[in-house]
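I opened the notebook to look up the pockets in this structure and what lines them.

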Amino acid sequence: MADAQLVIEHIREAFCKTEHPGDAFLQGSQEGCEPAEVTAPFKGLGHWTQVDPAILDPNYTALSFFSEGGFRHFLPAFLIADLQGRLQTADPVFHLTNGFSDQMVKIPAGSRVYERSIGKSAFVNPRRYGAMTWHDHARCRLSIFTREESGAIVAYLEYKRNADPYGLNAEEINAALDNFWRDRAANGPTHQTIRQSLIEEAEYLKDIESGKNG
């Protein structure tokens, strides 16, 4: 089993140049007051390495309420704190594995026992999102990570699975690894691909604004 410190170094290297989306774009959900409250402590921090681990647990729901860019940028702070045993409430594993496996639960209500699907095939909220399942949602939200970042996430998930003698999350972790993360780590866009795209887009916009036509 990989040493936790080796996984931490992997995460630091993979996310060292991960772009900050800007304070105005850290918050994803606009519903209610909680999203603003739990993402506020992350504002004013120019890089995830500046995060005080002490703020992570009290604001653990930020992992649900970050924008995609906020989630991508600040996730490594949660991963490293977890590997250092500094998290009691925040659960990064859930946010990286939810939506890739199904569970059926039986819930008694009234005179019946209902079987409810939780996870991959369950609909998010049909009234608002139509046919979107949690699997669809997970693949969309987690597609923000580059090949390098995904490789570090694979190392983190494998460590968490192997370090748990009870295998409590093994099924969920294996499903996420097999159905998304390993492929993303092998074939996802690289940091360099994204940087080159940004350079080309900037050049294009500059020429458009200057009125050049080739």
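For these entries I take helices as DSSP runs of H or I with at least four residues, numbered from the N terminus. I count a residue as lining when it has an atom within 4 Å of a pocket point. The model is predicted.

Entry 1, the largest pocket. I looked up its volume and noted about 670 Å³. The lining has 23 residues, and S64, V124, W134, H137 and R141 are the closest to the pocket centre.

I then asked which helices each supply at least two residues of this lining. They are helix 3 (62-65), helix 5 (92-97), helix 6 (126-129) and helix 7 (134-142). Helix 7 gives the most to the largest pocket, with six residues.

By residue class, I have eleven nonpolar, eight polar and four charged residues in the lining of the largest pocket.

Entry 2, the second largest pocket. I noted a volume of about 260 Å³ here. Of the 19 lining residues, those closest to the centre are D82, D91, V93, K160 and N169.

Which elements give two or more residues to this second lining? I found helix 5, helix 8 (147-163) and helix 9 (170-187). Helix 8 holds the largest share of the second lining, with five residues.

The lining of the second largest pocket divides into ten nonpolar, four polar and five charged residues.

Entry 3, a cross-check. I see helix 5 listed for the largest pocket, and I see helix 5 listed again for the second largest pocket.

Terms used: Residues numbered from 1 in each chain as written. Predicted model: local features only at pLDDT ≥ 70, side-chain atom pairs only at ≥ 80, totals over all residues. Heavy atoms only, no water. 1 Å grid on protein atoms, 1.4 Å probe; cavity = no way out; pocket = protein on both sides within 12 Å on 5 of 7 lines; lining within 4 Å. Points joined across faces, edges and corners; volume = space filled by probe spheres on them. Nonpolar A, V, L, I, M, F, W, Y, C, P; charged D, E, K, R; others polar.
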